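Me: Please give me a close account of one part of this model, strand by strand and contact by contact. I should also like a brief description of what precedes that part in the chain.

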Amino acid sequence: MDINEKILKLLERDSRLTHHEIAVLLGEDEAFISKTIKELEEKNIICGYTTLVNWEKTNSDMVSAIIELRVNPQRGQGFDRIAEKIYNFPEVKAMYLTSGGYDFLIEMQKAPIREIANFVSSRLSIIEEVQSTATHVILKKYKDHDTLFIEKEHDKREFIS
């Protein structure tokens, strides 16, 4: 694994790591690490930094949803033109081209359930190339980006020796 991959793995696991901490972990010079990260950002290999939030521990009543889309790709343009129509909607948090029964998988940002329903029925479904949709509301998140969202219950049984 080259140094770029090592840096990327560390940042993917914890984007709060400082350049100094990464340098120490990898046994490299901090200036070299800073320069390498800057280059990775400029090449759009590092596309951004994010915070994972456990929304179940807040008072938010909004939900997230996963939407599967089956589409008719256009000759000579494939899926990219259709994807561009969809990923530009501000409600779309993430979008993937997939194999299997559906062509696209869309993750909706947190919103009231009515907004998600309106988005699917009045914006996605009317796109000419869309054949069908399947919407799944996320009921509970257990793990995201290698982060567990559940608290392990402590074993409350008595220890007998």
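Reply: The account below treats the sheet and its helices, and then turns to the N-terminal helices.

The model is predicted, so local features are described at pLDDT of at least 70 and side-chain atom pairs at pLDDT 80 or more, whereas totals for chains, interfaces and linings use all residues. Residues are numbered from 1 along each chain as its sequence is written, and side-chain values rest on heavy atoms, without hydrogens or water.

An unreviewed UniProt entry annotates residues 67-140 as "domain: Transcription regulator AsnC/Lrp ligand binding"; positions follow the numbering used here, feature names are shortened, and such annotations may be inferred rather than shown by experiment. Over residues 67-140 the chain is 27% helix and 36% strand, where helices (H or I, at least four residues) and strands (E, at least two) are DSSP runs numbered from the N terminus. The end C-alpha atoms of this stretch lie 16 Å apart.

The sheet is open and consists of four strands in the order β2-β3-β1-β4, with antiparallel pairing; two strands count as paired if DSSP finds at least two bridges between them. Because β2 (92-97) and β4 (130-137) occupy the edges and have a single partner strand each, one side of each is left without a neighbour in the sheet. From one strand to the next, the twist averages 20°.

Strand β1, residues 63-71, is joined to β4 by seven antiparallel bridges and to β3 by six, again in the antiparallel sense. Residue L69 shows both pairings: its bridge partner in β3 is F104, while T133 stands opposite L69 in β4. Elsewhere along β1, A65 has M108 of β3 as its bridge partner, and V71 stands opposite V130 of β4.

S64 also belongs to β1. With a relative accessibility of 14%, S64 counts as buried (buried is under 20% relative accessible area, exposed is over 50%, and partly exposed is in between, for a 1.4 Å probe and protein chains only). Beyond its neighbours within four places in sequence, S64 is in contact (heavy atoms within 4.5 Å) with M108, K110, I116, H136, V137 and I138.

The remaining pairing, between β2 and β3, is antiparallel and has five bridges; Y96, for example, has L105 of β3 as its bridge partner. These two strands form a hairpin with six residues between them, and G100 in the turn has a positive phi of about 110°.

Two helices pack on the sheet. Helix α4, residues 80-87, touches β1, β2 and β3 (104-111), and its direction makes about 165° with that of β2. Helix α5, residues 113-124, touches β1, β2, β3 and β4, and its direction makes about 15° with that of β1. For these angles, axes are lines fitted to C-alpha atoms, for helices over the stretch in contact, and the values run from 0 to 180 degrees between N-to-C directions.

F79 lies in the loop between β1 and α4. Its relative accessible area of 25% makes F79 partly exposed. Setting aside neighbours within four places in sequence, F79 contacts V71, P73, L97, D103 and F104. Of these, L97 is 18 residues away from F79 in sequence, with the two C-alpha atoms 8.0 Å apart.

The N-terminal helices come next. The axes of α1 (residues 3-13) and α2 (residues 19-26) come within 11 Å and cross at roughly 125°. The two helices α1 and α2 are therefore oblique to each other (angles under 35 degrees are roughly parallel, over 145 roughly antiparallel, 65 to 115 roughly perpendicular, and the rest oblique). Their contact is formed by I3, K6, I7, L10 and L11 of α1 with I22, L25 and L26 of α2.

Helices α2 and α3 pack at about 115°, with their axes 8 Å apart, which makes α2 roughly perpendicular to α3. Here H19, H20, I22, A23 and L26 of α2 meet E30, I33, S34 and I37 of α3. Helix α3 spans residues 30-42 and includes F32, which is partly exposed at a relative accessible area of 33%. F32 and E12 are 20 residues apart along the chain, and their C-alpha atoms are separated by 19 Å.
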